Amino acid sequence: MSDTSWLRSKALLPFWVAVALLVDPQAPSGQMAFGEFGPKSAFADDDGGGGDDGGDDDGGGRSSSSSDRSGTVPRWSTRPFRTLTDRFLPRPPRRGGGRRAQRPVVPLPSRAPDQIVATGLSSAEIGRLQATGFTVLDRADIQLLGSELVRLRIPPNTPLEAARDLVIDAAPQSTADFVHYYRPGQEAECTGPHCAAAGLIGWPAHIGLPAGCGGNVTIGLIDTAINPAHAAFAKGRVEVLRLSDDGLPESGRQHGTAVAALLVGGADSRTPGLLPHARLIAIDAFHRGDRQDDRSDAYDLLRALDLLSMRGVQVTNMSLSGPANALLEQFVRRLAERGMVIVAAAGNGGPRAGPSYPAAYADVIAVTAVDRMKRPYRRAGRGEHIDLAAPGVGVWTAASVSGARSKTGTSFAAPFVAAAAALMKSANSTATAADIHDALGKSAEDLGAPGKDAVFGWGLLNARAACAVIPKKAT
């Protein structure tokens, strides 16, 4: 470049200033406007934020737009000149190069850092463990197992894995594991058209339930807190039991209220449920954690399942997920042997996530979510453990305080299968959990690859078959 080349660039600078003042690259073609350069913010299609009680089903507040300029300072004051420097004068590179590093997101804890849960310990064995530094935090008699469930704090400066091994060594006949945490599925708000989810699966309530089907149904629910004063439950039979320690902060009511309304919302409410005349025993086994997350743990889940078993519940919905746990696996197997059908959400960790529990246990019906076009929800978990698909994208249900909203996630697909299992149980009172599991799979509408697959399981729930009599197996 010659010694005077820079003069030519400076000579053109007034021209570019005039262009910058008159032309807004963001304005529609052919328009000239003052404006700042640079791309507008873009948001993913399901990145909803905040709680679910700021509005209602009528659209809520009005979002701001670039055309609404009332009461704002004109944006042309200094931006064009700053933009010119960005465009025509080279800027020094950032130190370290590339974009500024984002702070990594710290994952939520998967288990209590200093606790073990165990069953099958004798008083003498508990005493010996206490002598080595263990502390008994809580204990409960579990009718299902005929033994005591014990929550232990481990000795100081002892690794958690080593503490679990100490308990097993002290009582080889016991079952011990970590106090794993379980969380309700994260909700994603749906902004699309409202979905006629019940019609997608042919829910029989639209044509009337046949005689002998749907009467005297009791469903169990283990979830977050519920708002029993919501209009959806005004005429329902909803019993809410809080299981967590009164000293712990209550969990949020959004998730539990939405799931409960899907199951038993009043027929004449704005969010009619699948079984509006059914009885629901809802156990709030969650609390608000120190990371502001709603969580339950293995100890409370076991107590909740045992309580529902004692109340004679035959179908239980668990729209929650967490790690594998030896005691939880033992519980669900024993409950299935006693006839309880357990339905659980597959989880919203995404297609590459590992299995979520309790859904991945063989004795549990694992439910994934699909949209109104029968396409898989993009954040749903996948795997060979998936049993059935049900509507879970844009599902219309109750908000936590009043009104209603659309909800998305496998948490909101599971209640459709739980309700169908309840109908099937009412029409076949002697059917086992395995019978109902098998019948729901055989009657499903095959989606995806032929037969059972990792995306849809056996396929989309066919609720038209929910009241059919299950043929007895040959013996």
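In the predicted model, Arg 334 is partly exposed, its relative accessible area being 29%, a value that falls between the 20% limit for burial and the 50% limit for exposure. The residue belongs to helix 9, which spans residues 326-337. When residues up to four places away in sequence are set aside, Arg 334 touches Leu 144 and Leu 145; for the pair Arg 334 and Leu 145, a sequence separation of 189 residues is accompanied by a C-alpha to C-alpha distance of 8.3 Å. Over the protein chain, residues 24 or more positions apart supply 74% of the contacts that have a separation of 6 or more.

The protein chain contains eleven helices and 16 strands, and 47% of its 475 residues count as buried. Its accessible surface comes to about 23,900 Å², with carbon and sulfur atoms contributing 53% of that area.

Strand 3 (residues 147-153) is paired with both strand 1 and strand 2. With strand 1 (residues 111-119), the pairing is antiparallel and extends over five bridges, and Val 117 is found opposite Arg 151 of strand 3. With strand 2 (residues 135-142), strand 3 pairs in the antiparallel sense over seven bridges, and here Thr 135 is placed opposite Arg 153 of strand 3. Strands 2 and 3 form a hairpin in which four residues lie between the two strands, and Gly 146, in the turn, has a positive phi of about 65 degrees. Because five of the seven residues of strand 3 are buried, this strand is largely enclosed by the rest of the structure.

Beyond strand 3, in the loop that leads to helix 5 (160-170), lies Asn 157. This residue is exposed, with a relative accessible area of 83%, and its phi, near 60 degrees, is positive although the residue is not glycine. A further positive phi, of about 65 degrees, occurs at Lys 374, likewise a residue that is not a glycine. Lys 374 is located in the loop between strand 13 and strand 14 and is partly exposed at 29% relative accessibility. Among the backbone features there is also a cis peptide bond, which runs from Tyr 357 to Pro 358 and has an omega near 15 degrees; Pro 358 is placed in the loop between strand 12 and strand 13. As a general reference for these three cases, most residues other than glycine have a negative phi, and most peptide bonds are trans.

Seven strands, in the order 6-7-5-10-12-13-14, make up an open sheet with parallel pairing. The edges are occupied by strand 6 (237-242) and strand 14 (388-391), each of which has a single partner strand, so that one side of each is left without a neighbour in the sheet. From one strand to the next, the twist averages 25 degrees. Within this order, strand 10 (residues 315-318) and strand 12 (residues 341-345) pair in the parallel sense over four bridges, and Asn 317 has Val 343 of strand 12 as its bridge partner. Helix 11 (residues 433-443) lies across strand 12, strand 13 (364-370) and strand 14, and runs at about 25 degrees to strand 13.

Helix 11 also packs against helix 10, at an angle of about 115 degrees and with the axes 10 Å apart, in a crossing that is right-handed. The contact brings Val 417, Ala 420, Ala 421, Met 424 and Lys 425 of helix 10 together with Ile 436, Ala 439 and Leu 440 of helix 11; by class, these residues comprise seven nonpolar, no polar and one charged. Helix 10 (residues 414-427) has a further packing contact with helix 7 (residues 254-264), where the angle is about 35 degrees and the axes are 9 Å apart, and this crossing is right-handed as well. On the side of helix 7 the contact involves Val 259, Leu 262 and Leu 263, which meet Pro 415, Phe 416, Ala 418 and Ala 419 of helix 10. The residues of this contact are seven nonpolar, no polar and no charged.

Finally, Ala 399 is situated in the loop between strand 15 (395-398) and strand 16 (404-407). With a relative accessibility of 0%, Ala 399 counts as buried, since the class covers values under 20%. Ala 399 and His 230 are separated by 169 residues in sequence, whereas their C-alpha atoms are 8.6 Å apart in space.

Conventions. Residues are numbered from 1 along each chain as its sequence is written. This is a predicted model: local features need pLDDT of at least 70, side-chain atom pairs count only at pLDDT 80 or more; totals for chains, interfaces and linings use all residues. Side-chain values use heavy atoms; hydrogens and water are left out. Axes are lines fitted to C-alpha atoms, for helices over the stretch in contact, and angles run from 0 to 180 degrees between N-to-C directions. A crossing is left-handed if the near helix is turned anticlockwise from the far one by less than a right angle, and right-handed if clockwise. Contact means heavy atoms within 4.5 Å. Ala, Val, Leu, Ile, Met, Phe, Trp, Tyr, Cys and Pro count as nonpolar, Asp, Glu, Lys and Arg as charged, and the others, Gly among them, as polar. Buried means under 20% relative accessible area, exposed over 50%, partly exposed in between (1.4 Å probe, protein chains only). Accessible areas come from the Shrake-Rupley method with a 1.4 Å probe; for residues, only the protein chains shown count as cover. Two strands pair if DSSP finds at least two bridges between them.
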